[in-house]
Amino acid sequence: MFFNQREALVEKISTRLAEVRAEMADAARRAGRRPEDVRLVAVTKTHPPDVVLAAVTAGITAIGENYLQEADEKFTALGWLDAEGGAPVARHFIGHLQSNKARKAVRWFEYVETVDSAALAMRLDRLADEQGRRLEILLQINSSGEDEKSGIHPENVEGVLISLAKLAHIQVRGLMTIGRFDPDPEAARAEFRALRELRDALRAVAPPTVELEELSMGMSHDFAVAIEEGATIVRVGSRLFGSRHG
Ligand SMILES: *Cc1c(COP(=O)(O)O)cnc(C)c1O
């Protein structure tokens, strides 16, 4: 990319980032929360390495990717070779993780948001141990109750948490949900609130080694509602980088 094209891209992302951060801060204040208690994960899936670099220059501190093959190629091109200290941003995996791909996830990411079974968590723990790493994870919850969606059903989370208490190479930080898509941001409010209430209830019964500070919920169209309902991590793609379709 030519220098002026790169500058223009950084400029465009910086403008959008400032808007998103202002809306995030407003939503936090409306809920009596501190803006600095909500983190932005910029979802760079489908966007090439140039866009990721521009995002870093614009001030993004965490990125999210959904596909391991794509992340592998992108991070290799960027020279971000391994998870610890290899990149100028925190890397969050936010896609569906098949257990046969878990090794790659541990290699490239310091944070896996989409752990949807105790078996997967145990596998990640073993692989992190092999790689001399410690991995942060969130448990993905099927908060909409739709059976075909991935995620742990709310009634089963407590059992999963207890079975993870002794794993030394993963640190459970909280819960994540994708939620049912509805163009109306208000449609997600009840689901977001339910996830926060689930988190609060689990805190009372979770083993002491498990942390339940984080709630990753909300995307481009509904992050403000998610923050009002307690999100500590929002995952925003198209608002920062434009539509992924065309
Ligand atoms: C793609 C994706 C996002 C970002 O979606 P936008 O609507 O572009 O903000 C967030 N979370 C997950 C899990 C995603 O797959």
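Where is Phe181 found? Phe181 sits in the loop between strand S6 (170-176) and helix H7 (189-203), and the close-ups below start there. The model is a predicted one, in which local features need pLDDT of at least 70, side-chain atom pairs count only at pLDDT 80 or more, and totals for chains, interfaces and linings use all residues. Residues are numbered from 1 along each chain as its sequence is written, and side-chain values use heavy atoms, with hydrogens and water left out.

**View 1. A nonpolar patch on the surface includes Phe181.** Ile178, Phe181 and Met219 make up this patch, with about 280 Å² of accessible area together. Accessible areas come from the Shrake-Rupley method with a 1.4 Å probe, and for residues only the protein chains shown count as cover. Patch members have over 30% relative accessible area and no salt bridge; like charges are joined within 9 Å, and nonpolar side chains (Val, Leu, Ile, Met, Phe, Trp, Tyr) within 5 Å. Phe181 counts as exposed because its relative accessibility is 57%. Here, buried means under 20% relative accessible area, exposed means over 50%, and partly exposed is in between (1.4 Å probe, protein chains only).

**View 2. Helix H7 has several buried residues.** Helices (H or I, at least four residues) and strands (E, at least two) are DSSP runs, numbered from the N terminus. H7 has 15 residues and reaches 21 Å from first C-alpha to last, close to the 21 Å expected at 1.5 Å a residue; the expected span is 1.5 Å times one less than the number of residues. Among the buried residues of H7 are Phe192, Leu195, Leu198 and Leu202. Their cover includes helix H6 (157-164), S6, strand S7 (214-216) and helix H8 (223-228).

**View 3. Salt bridges involve residues of H7.** A salt bridge is a side-chain nitrogen of Lys or Arg within 4 Å of a carboxyl oxygen of Asp or Glu, and by this rule the count comes to 20. Glu186 and Arg189 meet at 2.8 Å, N to O. Glu186 is partly exposed at 42% relative accessibility, while Arg189 is buried at 18%. In another pair, Glu229 and Arg196, the closest N and O atoms are 3.3 Å apart. Glu229 lies in the loop between H8 and strand S8 (233-236) and Arg196 in helix H7, so this pair ties together parts that are 33 residues apart in sequence. These four residues belong to a network of salt bridges that also includes Arg30, Arg193 and Glu228.

**View 4. Leu139 is among the residues with the most contacts inside the largest nonpolar core.** A nonpolar core is a set of buried Ala, Val, Leu, Ile, Met, Phe, Trp, Tyr and Cys residues joined through side-chain atoms within 4.5 Å. The largest has 70 residues, and Leu124, Ile137 and Leu175 are listed with Leu139 for the most contacts inside it. Helix H1 (residues 3-30) gives the most to this core, with eight residues. Contact means heavy atoms within 4.5 Å; not counting residues up to four places away in sequence, Leu139 touches residues including Val115, Ile152, Leu161 and Leu175.

**View 5. Ile227 is in helix H8.** Is Ile227 buried or exposed? At 0% relative accessibility, Ile227 counts as buried. Not counting residues up to four places away in sequence, Ile227 touches Met24, Ala27, Ala28, Ala31, Arg33, Val38 and Val234.
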